[in-house]
Amino acid sequence: MKESIQYEIKRILLPLCIFAAITTALFAVTALSSDFILTQGFPEQSGTITSLYPGNPLGFVPAVTLCFLCYIVPCIQFSYRMKPRSVDLWYSLPVKRDTLLLVRTIGGLMLVFIPYAISYTVGVTIIACSENIFHMSIYAALFFASLPAGILLFGINSFLFSRANSVGDGIIFMLAGTFLLTQPALYLKTYVSDLPREALNSAQFTTFGPTEVIFQFFNAAICYRTSQQPYAWIPLTLTAIEGIAAWFGLFYTAKSHRAESAGQISDSWFGLKFMIPYYLFFAAACTPAKNVYNLEWQIPFVEYTLMIVLAVIAYFVYRRSFRLKRFDLYSLGASFSGGLILMLISVSLFFR
């Protein structure tokens, strides 16, 4: 184990340095070219009174950095399972598959959080050395608060990516999995008008939503403001559950991965096999066949046709062929019909 980790550190040293250099340069350049004090003049009888306000604390820079690394690093660390030659090489080593996965995961966390920590430290140091009226100690709290969000996001993306048998499929799985929780939120937002709009902010229900929530909260605190996010606990809780389940599934299924699956069609239930019917179901359910404002029945044939066409194209990509199986057709029909039924029930209940 010790030798494996030492080899992993040597293997990732070059990309680690590259990531650290790029992220640090981006934060440093942004900080050096920003004004952290805003002024506003108010006319008075004795002249103009100038008030000073905190500028942009640049919290979006480390937030984007953390999210970007949590998407790109799983592709680097777990692509060894998706090429026949590389998977045969790695699985022929005298290292257990779950141990190899653990070593790659440790290396992935290092690739994410070491560049993130370096860029964050340099950027905040530049802000501290510049003229500002920020609450600088909040930056330290923000850094430590962002770490759990990054760990959860990395775990979710690693699990989704590793369900695929090819790099391209893994990237699609990660991107499609990003918006899984937004679909129920969008459905509730479409039909249940009594719920607070702030509780159904679709962006917060993405896998990177907790990162956005945390940075918004601390950005406001840095500028001596209060961030009004009374329902932020909902996406935070759901994403925490999703992330813990993903971390468990990542290691629980480590031994069951077969070398002969590399490069084959990705038929995991956590991939497009499930996601295509899932998104089609909610797309149909969230497109009401009724003009909400005029309360007139109006079937959106164009929208429904476009949904089906896009779903069929997605199945072509999934199967890597223009021939679909019976199961695919049944999935399309059942998910679209189920979405229409739910839409009709919802319209009759909520749009009377």
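How do the residues of the lining of the largest pocket divide into nonpolar, polar and charged?

The structure is a predicted model, in which local features need pLDDT of at least 70 and side-chain atom pairs count only at pLDDT 80 or more, while totals for chains, interfaces and linings use all residues. Residues are numbered from 1 along each chain as its sequence is written, and side-chain values use heavy atoms, with hydrogens and water left out.

**Exercise 1. Describe the largest pocket and its lining.**

Step 1. The largest pocket has a volume of about 400 Å³; a pocket here is an open set of points on a 1 Å grid over the protein atoms alone, where a 1.4 Å probe fits, with protein on both sides within 12 Å along at least five of seven lines, and lining residues have an atom within 4 Å of a point. The volume is the space filled by probe spheres set on the points, which are joined across faces, edges and corners.

Step 2. Among the 14 lining residues, Met 275, Ile 276, Tyr 279, Leu 310 and Ala 314 are the closest to the centre.

Step 3. Helices α6, α10 and α11 (301-319) each supply at least two lining residues, and α10 gives the most, with six. Helices are DSSP runs (H or I, at least four residues), numbered from the N terminus.

Step 4. The lining divides into 13 nonpolar residues, one polar and no charged, where Ala, Val, Leu, Ile, Met, Phe, Trp, Tyr, Cys and Pro count as nonpolar, Asp, Glu, Lys and Arg as charged, and the others, Gly among them, as polar.

**Exercise 2. Work out how α5 (residues 137-162) packs with α8 (residues 209-222).**

Step 1. The two helices pack at an angle of about 175°, with axes 10 Å apart; axes are lines fitted to C-alpha atoms over the stretch in contact, and angles run from 0 to 180 degrees between N-to-C directions.

Step 2. That angle makes α5 roughly antiparallel to α8, a term used for angles over 145 degrees.

Step 3. The contact (heavy atoms within 4.5 Å) includes Ile 138 and Tyr 139 of α5 and Phe 215 and Phe 218 of α8, and its residues divide into eleven nonpolar, three polar and no charged.

**Exercise 3. Describe the packing of α6 (residues 167-177) with α10 (residues 272-285).**

Step 1. Their axes lie 11 Å apart, at an angle of about 35°.

Step 2. Ile 172, Phe 173, Ala 176 and Gly 177 of α6 meet Leu 272, Met 275 and Tyr 279 of α10.

Conventions. Parallel < 35°, antiparallel > 145°, perpendicular 65-115°, else oblique.
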